[in-house]
Each structure stands twice: as structure tokens, then as C-alpha cells.
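Biologist: I'm new to reading protein models, so could you walk me through one? I'll ask the questions, and you can take your time with the answers.

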Amino acid sequence: MRGIAALCVGLPLVVGIIAVSSACSAEVRDFYIKTVHIDGTTSTKGDADHKAEPFPTAPMPEGGGLVLSKPDEAGKWRMRAFAFEPAQLVVKAGEPIRLHFVGIQGMSHSIHVKGEGVDERFTLTRGNMHTLELTPEKAGVIEIECYDHKPSMRGEIVVLAQ
Ligand SMILES: [Cu+2]
């Protein structure tokens, strides 16, 4: 991105206004991708506001992303799904972007960002931020996956043709 910024500064002197407006329209877009989990809680016994709900018998897929917690002594049980928020971004090829992964929920996430021009793995812990800068050059899909919370914690960057 620093290269692009330097190019934009230098171009007016070299190639004139028309070329500059094209090259310099590629401002970096910032995105904040948060680690979250969505919880649903209920009880096998119910209460004044909720009917009793039996604990499900069908298992969730393995991988750590979809977690059913068994009823406690009071009958309370929980369903949890880990996810990225947002889970989908749409950008144009040639557009520089900056992805800020922010650890909000979940202690730690083993994240892999892979696609055209990017293949980066990192661990993100709660309260920290990890930033990637990239400029996808071709139309396609860049995948974002957390290996600790499969299959639900995944996202994608859809890169449209210019
Ligand atoms: Cu995760």
C-alpha cells in the first residue's frame, strides 16, 4: 500500500491529471472482521417466558465451531456457533484492502487466509488485532477459515472483475 501511495503522490508530475485520477482512485478500504459466537440458551424445564425444550439428540458436526452444552442441574442448556462478523466481503480486483481481524469472543483462533496472492496463517487471541494488507489482482474468492472452529467459522472475500 505504501507503494501505491507513493505512486499517487509522484504521478501528477509525471503523467498528468487523467492517469492520476485513475491510479489514485484506489484508496485503501479498511474492514474489521470480528471473532464472535452466537448463543442460544434455553431449559429442559422452561420458565415463565419460555416453554420447556428437550436437549437435542442429534450431534453437531465435529470441529469445535458448533457446540451443544448439555443441561446443567437446573436443566439449562446452550447452543453456540462461532463465526466471523462479517463473513463475506465484496471488493473489486485491483482495489487495495486492509483486513483487521479483531479478537472479541473465543480465547484463541487459528486463522488461515488463502487465495490469489495471499496465503497467511496466524493465531488471534482475544483483545488483539491482526492486520493484513493486500490488493487482489484477479476476480475470484479468497477464503478465510478458523481451524479451531470448523465448520461454521469461515468467511470469504469475493473479488469482482474490474
Ligand atoms: Cu475460531
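What follows is a chat in questions and answers about this model.

Modeller: Two ground rules before you start. Residues are numbered from 1 along each chain, as the sequence is written. This is a predicted model, so to speak: local features need pLDDT of at least 70, side-chain atom pairs count only at pLDDT 80 or more, and totals for chains, interfaces and linings use all residues.

Biologist: Which stretch has a pLDDT below 50?

Modeller: pLDDT is the predictor's confidence in each residue, from 0 to 100. The protein averages 88, and 85% of the residues score at least 70. One stretch scores below 50, though it has 13 contacts in the model beyond near neighbours in sequence (a contact means C-beta atoms, placed from the backbone, within 7 Å). That stretch is residues 1–23.

Biologist: How many helices and strands does the protein have?

Modeller: Helices (H or I, at least four residues) and strands (E, at least two) are DSSP runs, numbered from the N terminus. Read along the sequence, the pattern is α-α-β-β-β-β-β-β-β-β-β-β. That makes two helices and ten strands.

Biologist: What is the strand order in the open sheet that includes strand 2?

Modeller: Two strands pair if DSSP finds at least two bridges between them. Strand 2 (residues 66–69) and strand 3 run antiparallel, joined by four bridges. Strand 1 (residues 29–43) and strand 3 (residues 76–85) are antiparallel too, over ten bridges. The open sheet has five strands with mixed pairing, in the order 2-3-1-5-8.

Biologist: Why is one side of strand 2 and of strand 8 left without a neighbour in that sheet?

Modeller: Strand 2 and strand 8 (129–134) each have a single partner strand, so one side of each has no neighbour in the sheet. Neighbouring strands here are turned by 20° against each other on average, direction ignored (axes are lines fitted to C-alpha atoms, and angles run from 0 to 180 degrees between N-to-C directions). As for the reason you asked about, strand 2 and strand 8 stand at the edges.

Biologist: Which residue in the turn between strand 2 and strand 3 has a positive phi?

Modeller: Strand 2 and strand 3 form a hairpin with six residues between them. On the paired strands, Val 67 has Arg 80 as its bridge partner, while Ser 69 has Arg 78. The turn residue with a positive phi, about 90°, is Gly 75.

Biologist: Which are the edge strands of the sheet with the order 4-10-9-6-7?

Modeller: This is an open sheet of five strands with mixed pairing. Inside it, strand 6 (residues 108–115) and strand 9 (residues 140–146) pair antiparallel over four bridges, and His 112 has Glu 145 as its bridge partner in strand 9. The edge strands, each pairing on one side only, are strand 4 (88–92) and strand 7 (118–125).

Biologist: Which residues have the most contacts inside the largest nonpolar core?

Modeller: A nonpolar core is a set of buried Ala, Val, Leu, Ile, Met, Phe, Trp, Tyr and Cys residues joined through C-beta atoms within 7 Å. The largest has 17 residues, and strand 3, strand 5 (97–103), strand 6, strand 9 and strand 10 (154–160) each give two or more. The residues with the most contacts inside the core are Phe 84, Phe 101, Ile 111 and Met 153.

Biologist: Is Met 129 buried or exposed?

Modeller: A residue is buried if 20 or more other C-beta atoms, placed from the backbone, lie within 10 Å of its own, exposed if 12 or fewer, and partly exposed in between. Met 129 is found in strand 8 and touches His 100, Phe 101 and Val 102, not counting residues up to four places away in sequence. Because Met 129 has 12 C-beta neighbours inside 10 Å, this residue counts as exposed.

Biologist: How far apart in space are Ser 110 and Tyr 147, C-alpha to C-alpha?

Modeller: Ser 110 is found in strand 6 and counts as partly exposed, with 13 C-beta neighbours inside 10 Å. Leaving aside neighbours within four places in sequence, Ser 110 is in contact with Thr 123, Cys 146, Tyr 147 and Asp 148. Ser 110 and Tyr 147 are 37 residues apart in sequence, yet their C-alpha distance is 5.5 Å.

Notes:
Contact = placed C-beta atoms within 7 Å.
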